[in-house]
Amino acid sequence: MTSTTAELEALLMQRSLTDAQLLAAADAAADFRILPNATVLKIGGQSVIDRGRAAVYPLVDEIVAARKEHKLLIGTGAGTRARHIYSIAAGLNLPAGLLSQLGGSVADQNAAMLGQLLAKHGISAVDGAGLSSVPLFLAEVNAVVFSGMPPYKLWMRPAAEGVIPPYRTDAGCFLVAEQFGCRAMIYVKDENGLYTENPKTSRNATFIPRISVDEMKAKGLQDSILEFPMLDLLKNARHVREVQVVNGLVPGNLTRALAGEHVGTIITAR
């Protein structure tokens, strides 16, 4: 390790940060897993929170029960209100960075609401720099709520087509799971998982229990249940090499997924 560290330091002082040898030396350095026993949950905005009390209250009860055995980082999606504001902002010809800020504000609202519902159980919502206090919350109450939108704001990388921010709450929650080195990433949606077509619009949609990133791309599943750019993040990840999509409207699904059961669709890096 000493020689590797010395080599890396020498390369950092002498080479460009895109130098191939430097990148190889950096890649060889061990990655420290910050929260290896925690699981990140992404609660869908449109699929769950926008449905109101009937969908959210049972899930809140399930989260409260589950945190007795699991450490949970609970991220929120943006949902229908973000789609509405995207349509207005895009019509005004505003750039992706502005849309990213607007969409993030809706995810923040959902995190605030979910945090208030969980407050009596000691579970708080954090944002921005508050993420640095996540280990404390997990040590005390085994759970914390955060907004799922990555904080790129004006620095959002524009999509190849259009101005809709390509990295939204699915990507943001995955990045939290990967950077903290968490044990699992679970997406809580309103479908049983991934299908060959959108089950909301096609009667010919066939359920897919397990699939890889390359298979999804080969099948052209652009209208999938997850943001497509998130797949590139998954394929390049060091720690979180698979994610699971479950139907949070079915009681017990989240609990079973946290216990390691194959409940919905598992998407793997390979």
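Which helices and strands each supply at least two residues of the lining of the largest pocket? Let me begin there, with the reminder that everything I describe today comes from a predicted model. The elements that each give at least two lining residues are α4, spanning 80–91, α7, spanning 169–179, and β6. Among the contributors, α4 gives the most, with three residues. The lining as a whole is made up of 34 residues, and those that lie nearest the centre of the pocket are Q46, R83, K189, S224 and I225. As for volume, the largest pocket holds about 830 Å³ of space.

From the pocket I would like to move to the charged side chains. A search of the whole structure finds 13 salt bridges, and I will go through three of them with some care.

The first one I have chosen pairs K200 with D190, with the closest N and O atoms 3.0 Å apart. Here the pair links distant parts of the chain, since K200 sits in the loop between β6 (194–195) and β7 (207–208), while D190 sits in the loop between β5 (184–189) and β6, 10 residues apart. The two partners differ in their surroundings: K200 counts as exposed because its relative accessibility is 51%, whereas D190, at 13%, counts as buried. This pair also belongs to a network of salt bridges, in which R51, D190, E191 and K200 are linked.

The next pair is R210 and E242, whose side chains meet in a salt bridge with an N to O distance of 3.6 Å. Again distant parts of the chain are linked, with R210 in strand β8 (residues 210–212) and E242 in strand β9 (residues 242–247), 32 residues apart. R210 is partly exposed, with a relative accessible area of 47%, and E242 is partly exposed as well, at 37%.

The last of my three joins D214 to K235, where the closest N and O atoms are 2.5 Å apart. This pair connects two helices, with D214 in α8 (residues 213–219) and K235 in α9 (residues 230–235), 21 residues apart. D214 counts as partly exposed at 41% relative accessibility, and K235 counts as partly exposed at 35%.

Now, a charged residue without such a partner: what surrounds E62, which is buried yet has no salt bridge? E62 lies in helix α3, residues 53–66, and the nearest side chain of opposite charge, that of R256, is 8.4 Å away. A salt bridge would need the nitrogen and the carboxyl oxygen within 4 Å. Leaving aside neighbours within four places in sequence, E62 is in contact with P251, G252, N253, L254 and T255. Two of these contacts can be described further: the side chains of E62 and T255 are joined by a polar contact of 2.8 Å, and a polar atom of the E62 side chain lies 3.3 Å from the backbone nitrogen of L254.

Finally, let me turn to S147, which is found in strand β4, residues 143–147. Is S147 buried or exposed? S147 counts as buried because its relative accessibility is 16%, and the cut-off for that label is under 20%. The side chain of S147 makes a polar contact of 2.7 Å with the side chain of D108. Not counting residues up to four places away in sequence, S147 touches T76, G104, A107, D108, A111 and V126.

How values were computed
Residues are numbered from 1 along each chain as its sequence is written. This is a predicted model: local features need pLDDT of at least 70, side-chain atom pairs count only at pLDDT 80 or more; totals for chains, interfaces and linings use all residues. Side-chain values use heavy atoms; hydrogens and water are left out. Helices (H or I, at least four residues) and strands (E, at least two) are DSSP runs, numbered from the N terminus. Buried means under 20% relative accessible area, exposed over 50%, partly exposed in between (1.4 Å probe, protein chains only). Lys and Arg count as positive and Asp and Glu as negative; His and the chain ends are not counted. A polar contact is a pair of N or O atoms within 3.5 Å; within protein, one must be able to donate a hydrogen and the other to accept it, and residues adjacent in sequence count only if both atoms are side-chain atoms. Contact means heavy atoms within 4.5 Å. On a 1 Å grid over the protein atoms alone, a cavity is a set of points where a 1.4 Å probe fits but cannot get out, and a pocket is an open set with protein on both sides within 12 Å along at least five of seven lines; lining residues have an atom within 4 Å of a point. Grid points are joined across faces, edges and corners, and a volume is the space filled by probe spheres set on the points.
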